[in-house]
Amino acid sequence: MSPSLPPVAADRLPELVRALPKAELHMHIEGSLEPELIFALAQRNKVEIPYADVETLRHAYAFTNLQSFLDIYYAGASVLITEQDFYDMAWAYLKRAQADNVVHTEMFFDPQTHTARGVPVKTVIDGLHRACVDAGRQLGVSASLILCFLRHLSEEDAFATLEEALPHRDKFIGVGLDSSEVGHPPEKFARVFARCRELGLHLVAHAGEEGPPAYVWSALDVLKVERVDHGVQSSKDPALMQRLAEERIPLTVCPLSNLKLCVFPDLAAHNIKSLLDAGLVATINSDDPAYFGGYMNENWVQTFAATGLDARHAWQLAANSFEASFIEPPQKQAYMERLNEVYARFAAG
Ligand SMILES: [Zn+2]
């Protein structure tokens with residue numbers, strides 16, 4: 001934490017948190033589908049979905065466990081058929097990101113959710129990538145894509161997905177690993193990650209969300225990931241905490257997701273503050289914002305209110321988000337200057 005940062009009046013903290021420029025590094029684009037867009041796409045593509053109307057579907061978003069979430073998640077994804085559908089979904093998210101002062105985002109996508117329904121990887125990637133290009137030009141938001149393998153499927157399936165995606169290698173910057181964690185340790189994907197590493201792709205993986213610290217160790221040592229998605233269970237292992245801090249390995253933490261999926265009993269019990277105070281490069285992100293109760297700023301504001309984070313933590317979280325991102329150093333520097341300008345405005349006012 002930078003000791004030279006001036007304080008900001010406590011009553012201006014929520015406003016500061018909203019205003020700070022920040023990067024979002026853990027957001028599944030399929031998890032940004034709002035009920036209104038699901039119905040619009042269902043109508044456009046003449047897809048039947050098992051919900052009578054937007055209101056019924058929105059009520060179903062109050063799911064009670066992981067399976068009820070996954071049921072809705074897959075029903076929602078079933079309306080995505082054409083390149084334009086993927087564009088529209090990404091564009092809706094990117095506009096919300098801009099409104100939250102997200103200046104850079106690295107969006108996850110799950111090709112296997114779509115190829116399993118007969119939608120080609122090319123359709124998925126082309127639609128998402130076109131939205132990323134337009135976001136840079138029209139919204140001033142830089143955006144890139146990270147292809148995620150579903151860990152409940154086989155490594156063979158992941159290899160097949162990679163093969164189908166490789167002709168579009170210039171449109172995504174890395175690979176990740178998501179879906180049900182427990183029972184599917186990182187080492188299950190050792191070979192496909194080694195191949196992706198040879199290809200020069202960035203590597204990330206979900207680990208230590210519900211799974212044990214051992215999964216974080218193997219994500220680092222076997223998969224050789226550059227940052228860990230979630231990783232909140234690391235606090236149970238002091239040696240792991242020390243390594244994460246010393247090697248500055250970022251954690252992309254998602255507080256409202258952790259709350260909804262009962263990783264913590266309530267937001268006040270979340271460990272984000274202790275991760276930051278231990279010197280980890282922790283960040284705050286929205287995960288599946290349409291399903292977990294909020295986009296980027298909603299995650300920040302609610303977490304600050306519940307856990308007692310202060311203005312210096314806000315600066316640190318935003319700085320961490322740029323450090324943890326896969327953008328080039330000069331661009332990182334430019335974002336840091338913007339961050340310091342906005343912070344200074346609040347400290348003086
Ligand atoms: Zn996630």
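A crossing of two helices is left-handed if the near helix is turned anticlockwise from the far one by less than a right angle, and right-handed if clockwise. Helices (H or I, at least four residues) and strands (E, at least two) are DSSP runs, numbered from the N terminus. This is a predicted model, in which local features need pLDDT of at least 70, side-chain atom pairs count only at pLDDT 80 or more, and totals for chains, interfaces and linings use all residues. Residues are numbered from 1 along each chain as its sequence is written.

**Exercise 1. Describe how α15 and α16 pack.**

Step 1. Two packed helices are described by the angle between their axes and the distance between the axes. Axes are lines fitted to C-alpha atoms, for helices over the stretch in contact, and angles run from 0 to 180 degrees between N-to-C directions.

Step 2. For α15 (residues 311–324) and α16 (residues 329–348), the axes come within 10 Å and cross at roughly 165°. α15 is therefore roughly antiparallel to α16 (angles under 35 degrees count as roughly parallel, over 145 as roughly antiparallel, 65 to 115 as roughly perpendicular and the rest as oblique).

Step 3. The crossing of α15 past α16 is right-handed.

Step 4. Trp315, Ala318, Ala319 and Phe322 of α15 make the contact with Lys332, Tyr335, Met336, Leu339 and Tyr343 of α16 (two residues are in contact if their C-beta atoms, placed from the backbone, lie within 7 Å).

Step 5. By class, this contact of α15 with α16 has eight nonpolar residues, no polar and one charged. Ala, Val, Leu, Ile, Met, Phe, Trp, Tyr, Cys and Pro count as nonpolar, Asp, Glu, Lys and Arg as charged, and the others, Gly among them, as polar.

**Exercise 2. Do the same for α8 and α9.**

Step 1. The axes of α8 (residues 155–165) and α9 (residues 190–198) cross at roughly 25° and come within 8 Å. α8 is therefore roughly parallel to α9.

Step 2. From α8, Glu155, Ala158, Phe159 and Leu162 meet Arg191, Val192, Arg195 and Cys196 of α9. Five of the residues in this contact are nonpolar, none polar and three charged.

**Exercise 3. Lay out the sheet and find its edges.**

Step 1. The order β1-β2-β3-β4-β5-β6-β7-β8 gives an open sheet of eight strands with parallel pairing (two strands pair if DSSP finds at least two bridges between them).

Step 2. β1 (22–28) and β8 (282–284) each have a single partner strand, so each edge strand has one side without a neighbour in the sheet.

Step 3. From one strand to the next the twist averages 25°.

Step 4. β5 (residues 202–207) and β6 (residues 227–230) run parallel and are joined by four bridges. His206 has Asp229 in β6 as its bridge partner.

**Exercise 4. Locate the annotated binding site.**

Step 1. An unreviewed UniProt entry places "binding site" at His26, His28, His206 and Asp287. UniProt positions are given in the numbering used here, feature names are shortened, and annotations may be inferred rather than shown by experiment.

Step 2. These residues span 262 residues in sequence, yet no two of their C-alpha atoms are more than 11.8 Å apart, so they gather at one spot.

Step 3. Of these, His28 lies in strand β1.
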